[in-house]
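Visitor: I would like a close look at a single part of this model, taken slowly and with the numbers attached. Could you choose one helix and walk me through it, including what lies around it?

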Amino acid sequence: MPRKISAFCFPIISELITGQPAQRPPRGVHTVCPLALVLSPTREISMQIHEEAKKVACQTGVRVVVAYGRAPVNQQVKI
């Protein structure tokens, strides 16, 4: 399964690196906007995708985060 996950994460991260840069908000404004979104049916698959995407994005400057329901937000922010 990890190879399949990496295989679909690679083109997403590649496009984020080589594509048009996102417009930045005005100075002093701290806004977070996702540039890509991957949806999955279960928390376990979300966690697997997160781990593999972090490996693919290593040292690229792309920040990979995960969010899923029924878990404390502060726990997810630490990941």
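Guide: Let us take helix α1, keeping in mind that this is a predicted model, and begin with its packing: the buried residues of α1 pack against α2. Those buried residues are I5, C9 and I13, and the partner helix, α2, covers residues 43-57.

The overall dimensions of α1 come next. The helix runs over residues 2-18, has 17 residues, and spans 24 Å between its first and last C-alpha, which is close to the 24 Å expected at 1.5 Å a residue. Along that length there is nevertheless a kink of about 25° at C9, shortly before the proline P11. C9, the site of this kink, is also one of the buried residues of α1.

Individual residues fill in the picture of how α1 and α2 meet. S6 lies in α1, and, leaving aside residues up to four places away in sequence, S6 touches E52 and V56. E52 belongs to helix α2, and when residues up to four places away in sequence are again set aside, its contacts are P2, I5 and S6. I5, which E52 touches, is itself among the buried residues of α1. E52 counts as buried because its relative accessible area is 11%, under the 20% cut-off for that class.

Further along α1 we come to S14. With a relative accessible area of 27%, S14 is partly exposed, since that class takes in values between 20% and 50%. S14 and V56 are 42 residues apart in sequence, yet their C-alpha atoms are 9.4 Å apart in space. For S6 and P72, which are 66 residues apart along the chain, the C-alpha separation is 27 Å.

Finally, α1 also takes part in the largest pocket, to whose lining it gives the most, with 6 residues. The elements that supply two or more residues to this lining are α1, α2 and α3, the last of these covering residues 73-78. The pocket holds about 1,600 Å³ of space and is lined by 38 residues, with P34, L35, A36, R63 and V65 lying nearest its centre. By class, the lining comprises 26 nonpolar, 9 polar and 3 charged residues.

Notes
Residues numbered from 1 in each chain as written. Predicted model: local features only at pLDDT ≥ 70, side-chain atom pairs only at ≥ 80, totals over all residues. Heavy atoms only, no water. 1 Å grid on protein atoms, 1.4 Å probe; cavity = no way out; pocket = protein on both sides within 12 Å on 5 of 7 lines; lining within 4 Å. Points joined across faces, edges and corners; volume = space filled by probe spheres on them. Helix = DSSP H or I, 4+ residues; strand = E, 2+ residues; numbered from the N terminus. Nonpolar A, V, L, I, M, F, W, Y, C, P; charged D, E, K, R; others polar. Buried < 20%, exposed > 50% of the residue type's maximum accessible area, 1.4 Å probe, protein only. Contact = heavy atoms within 4.5 Å. Expected span 1.5 Å × (residues − 1). Bend = angle between axes of the 7 residues up to and from the residue.
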